[in-house]
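I opened the model to look up a helix and the way the chain is divided. My entries follow.

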Amino acid sequence: MKLTFYKFQGTGNDFVMIDNREKTFDEKDTKLVAFLCDRRFGIGADGLILLENEEGVDFKMVYYNSDGNESSMCGNGGRCLVAFASYLNIINDKATFNAVDGLHHATISGDIVSLQMKDVSEIKVKPNASFLDTGSPHHVQLVNNLKDFEVKTEGQKLRYGVYGQKGSNINFVEPFDDETFSVRTYERGVEDETLSCGTGVTAVAIAMHAAGRVKTNTVKIKAVGGNLEINFEKSGDVYKNVFLTGPAKFVFKGEINV
Ligand SMILES: N[C@@H](CCC[C@H](N)C(=O)O)C(=O)O
């Protein structure tokens, strides 16, 4: 059988997209998802996303990591899904969709997608790191000389050593200027460094603001695969109206034998 797929990327975090409005894709087929994400035997991607119908919203997002397992929220994936919905003419310049962490609002202008992320109220401060959930769990740690840092080795140690079986995504951060941070992320479920992680850079922006390392409500991020911006408001202890903004691009469409 031939399966039609679409490939999108957001700052180098890449995704296989499937239009599953007719429910033709078996959501439980984790082996198939892992095969499609495999960079040697399949299409190759950090994750796979199903676009499905849901009453009351423009669409529903179902997200899988490249290991084939359904996971928590993916910020870059959500932005790419909005670009995919625009490509399919499901939306114009605005979208409302449901994901595993709840309702999301987004806007799209050209290839720039701005996605509202969930509110964040709990930040666990550790001796040399922070831990927070921006839709997915994130460890945020400042390091020196990020360019040469062993992200995969050190990320893997923390992901399993500190966070156990459930694990966490691990972000290593270095300040760039007063409002900009460079970030490299080890992603759970990909079990490697990816070129960018949307929920990860959102966690970095909030953690850096909470620690007083940035004073502005707009934080710029330099990920390996490109630049992103995070805007938020702080009301008491809660970070609200958190928006993740950056490019989300169509790469190619294809068919694969499955
Ligand atoms: N790439 C993502 C994060 C995807 C989820 C993550 N790997 C997990 O399982 O926690 C993003 O852009 O947010």
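I first fixed my terms: I call a residue buried if 20 or more other C-beta atoms lie within 10 Å of its own, exposed if 12 or fewer, and partly exposed in between, with C-beta atoms placed from the backbone. Helices (H or I, at least four residues) and strands (E, at least two) are DSSP runs, numbered from the N terminus.

I noted that this is a predicted model, in which local features need pLDDT of at least 70, side-chain atom pairs count only at pLDDT 80 or more, and totals for chains, interfaces and linings use all residues. Residues are numbered from 1 along each chain as its sequence is written.

**Helix α4**

I looked up α4 and found 11 of its 13 residues buried. Among the buried ones are Gly198, Val201, Ile206 and Met208. I then checked the length of α4 (residues 198–210): the end C-alpha atoms are 18 Å apart, which agrees with the expected 18 Å because each residue adds 1.5 Å. The expected span is 1.5 Å times one less than the number of residues. After α4 comes Gly212, with a positive phi near 75 degrees.

**Two domains**

I found the protein chain divided into domain 1 (2–114 + 248–257) and domain 2 (123–246); such bounds come from an automatic or database domain assignment. Their centres, taken over C-alpha atoms, are 23 Å apart.

How many residues of domain 1 are in contact with domain 2? I read 20, against 22 residues of domain 2; contact means C-beta atoms, placed from the backbone, within 7 Å. On the domain 1 side, α2 (75–87) and β7 (112–117) each supply at least two residues. The largest share, four residues, comes from α2.

Notes
Contact = placed C-beta atoms within 7 Å.
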